[in-house]
Amino acid sequence: MVKLISDSSCLYTPNQAKELGFIVNPLTVTINNKQYNEFEDISTEEFLNLINDGYIPTSSQPSLGRLTEELENCDEDCVVLSMADGLSGTYQTALLAKNSIEKNEKIHVINTKTLCGPHRHLVEIALNMIKNNETIENIIKTINEKIETVESFLLPQDFDYLKRGGRLTPIAATLAGLLKIQPIIKQTKDGKKLDKFGMSRNFKIAINKIIEFYKPILNKNYKVYISHAFNIEEALYIKDKFLKEFPEVTLEILELSCAFITQGGPKCIAIQSIKAY
């Protein structure tokens with residue numbers, strides 16, 4: 001039997017993961033001089049309330065000690081699906097944990113090069129393959145193949161978060177806010193950073209640009225995720241637009257966790273896709 005470990009970038013809580021038969025290590029957030037494990041010590045609603053009170057959050061990877069202890073208990077093959085290297089130190093933390101263990105030949109750390117929706121789908125693929133008693137070689141091969149099909153966009157609403165994270169220059173962020181311009185941010189294919197894809201006069205035009213990008217790509221074999229930070233109205237608008245354009249695509253709406261609200265800001269929306277079948 002293969003053991004599966006991931007982090008909360010997959011948007012499963014540790015309790016949900018336990019019920020499904022794998023382990024989730026929570027990303028951590030710091031706000032008002034206190035550090036919290038997301039999904040365990042603080043809810044997204046409590047987190048947003050602190051932001052609304054004027055506190056500025058930061059985030060970091062899961063605990064090295066916690067992950068090391070879990071890996072030490074691996075007697076069977078163990079797959080670790082980590083959030084994209086470059087956007088987080090989670091992958092490097094997993095490698096450190098693996099390398100600290102003397103007999104680690106059965107520990108397989110995979111840089112998913114993604115986060116949120118596609119990361120969640122990779123977890124689900126791995127779980128299904130484990131349930132069907134697939135070999136560790138087939139699991140790793142399949143996961144790596146699916147990783148290469150991912151595309152990810154981010155639509156921020158609060159430009160100060162991107163400015164702090166270096167995603168937009170201070171001048172561009174200020175102008176975007178004043179002129180109500182909607183930046184479109186796209187993850188690079190290596191998964192290591194977010195680049196500016198374009199600027200639109202408003203949110204609806206931005207969605208149309210993303211749909212145009214997807215027209216040569218999406219078909220019934222793909223799954224689309226729309227993940228939002230307390231912005232269900234616009235998430236539903238995007239869902240309607242995508243299903244009209246791509247009626248055969250499977251689509252799921254998710255709520256972003258505290259760590260991703262820290263990076264993208266309240267009201268941000270991620271649009272992501274992965275080849276599912």
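**Figure 1. Lining of the second largest pocket.** The residues that line this pocket are Leu11, Thr13, Gln16, Phe39, Ser43, Thr44, Glu45, Arg120, Leu254, Glu255, Leu256 and Ser257. Two elements, α2 (44-52) and β12 (250-255), each give two or more residues to this lining. The model shown here and in the other views is predicted. Sorted by class, the lining of the second largest pocket holds four nonpolar, five polar and three charged residues. The space in the second largest pocket comes to about 180 Å³.

**Figure 2. Lining of the largest pocket.** The largest pocket holds about 380 Å³ of space. Its lining consists of 24 residues, and those nearest the centre of the pocket are Met83, Leu115, Leu194, Phe260 and Gln263. Two or more residues of the lining come from each of β5 (58-60), β8 (151-155), α11 (258-264) and β13 (269-275). Which element gives the most to the lining of the largest pocket? That element is α11, with four residues. Of the residues that line the largest pocket, 13 are nonpolar, 10 are polar and one is charged.

**Figure 3. The open sheet of six strands.** The strands of this sheet follow the order β10-β9-β8-β13-β11-β12, and their pairing is mixed. At the edges are β10 (194-200) and β12, each of which pairs on one side only. From one strand to the next, the twist averages 20°. Within the sheet, β8 and β9 are joined by two bridges and pair in the antiparallel sense. Which residue of β9 stands opposite Leu154? The residue opposite Leu154 is Ile185. Strand β8 also appears in Figure 2, as one of the elements that give two or more residues to the lining of the largest pocket. Strand β12 appears in Figure 1, where it gives two or more residues to the lining of the second largest pocket.

**Figure 4. The largest cavity.** A search of the whole structure finds two cavities of 30 Å³ or more. About 100 Å³ of space lies in the largest cavity. The residues around this space are Lys113, Ile147, Glu148, Val150, Glu151, Ser152, Lys186, Gln187, Thr188, Lys189 and Gly191. At least two of the lining residues come from β8, and at least two from β9 (182-187). These are the strands that pair in the antiparallel sense in the sheet of Figure 3. By class, two residues of this lining are nonpolar, four are polar and five are charged.

**Figure 5. The second largest cavity.** The second largest cavity contains about 50 Å³ of space. Its lining is made up of Ile5, Ser6, Asp7, Asn25, Pro62, Leu67, Val80, Ser82, Thr90, Thr93 and Ala94. Each of β1 (3-7), β6 (78-82) and α4 supplies at least two of the lining residues. How many residues of each class line the second largest cavity? Five are nonpolar, five are polar and one is charged.

**Figure 6. Helices α3 and α4.** Helix α3 spans residues 64-72 and helix α4 spans residues 90-99. Their axes come within 9 Å and cross at roughly 50°. Because of this angle, α3 counts as oblique to α4. The crossing of α3 and α4 is right-handed. Helix α4 also belongs to the view in Figure 5, where α4 supplies at least two residues of the lining of the second largest cavity.

**Figure 7. Helices α5 and α6.** Helix α5 covers residues 116-131, and helix α6 covers residues 136-147. The axes of the two helices come within 10 Å and cross at roughly 155°. Why is α5 described as roughly antiparallel to α6? The crossing angle makes α5 roughly antiparallel to α6, because angles over 145 degrees are counted in that class. The two helices make a right-handed crossing.

**Figure 8. The open sheet of three strands.** In this sheet the strand order is β4-β3-β5 and the pairing is antiparallel. The strands that pair on one side only are β4 (34-37) and β5, and these form the edges. The twist from one strand to the next averages 25°. Strand β3, residues 28-31, is joined to β5 by three bridges, and β3 and β5 run antiparallel. Val29 has Ser59 of β5 as its bridge partner. Strand β5 also gives two or more residues to the lining of the largest pocket, shown in Figure 2.

Key
Residues numbered from 1 in each chain as written. Predicted model: local features only at pLDDT ≥ 70, side-chain atom pairs only at ≥ 80, totals over all residues. Heavy atoms only, no water. 1 Å grid on protein atoms, 1.4 Å probe; cavity = no way out; pocket = protein on both sides within 12 Å on 5 of 7 lines; lining within 4 Å. Points joined across faces, edges and corners; volume = space filled by probe spheres on them. Nonpolar A, V, L, I, M, F, W, Y, C, P; charged D, E, K, R; others polar. Pairing = 2+ DSSP bridges. Axes fitted to C-alpha atoms, helices over the stretch in contact; angles between N-to-C directions. Parallel < 35°, antiparallel > 145°, perpendicular 65-115°, else oblique. Left-handed = near helix turned anticlockwise from the far one by under 90°.
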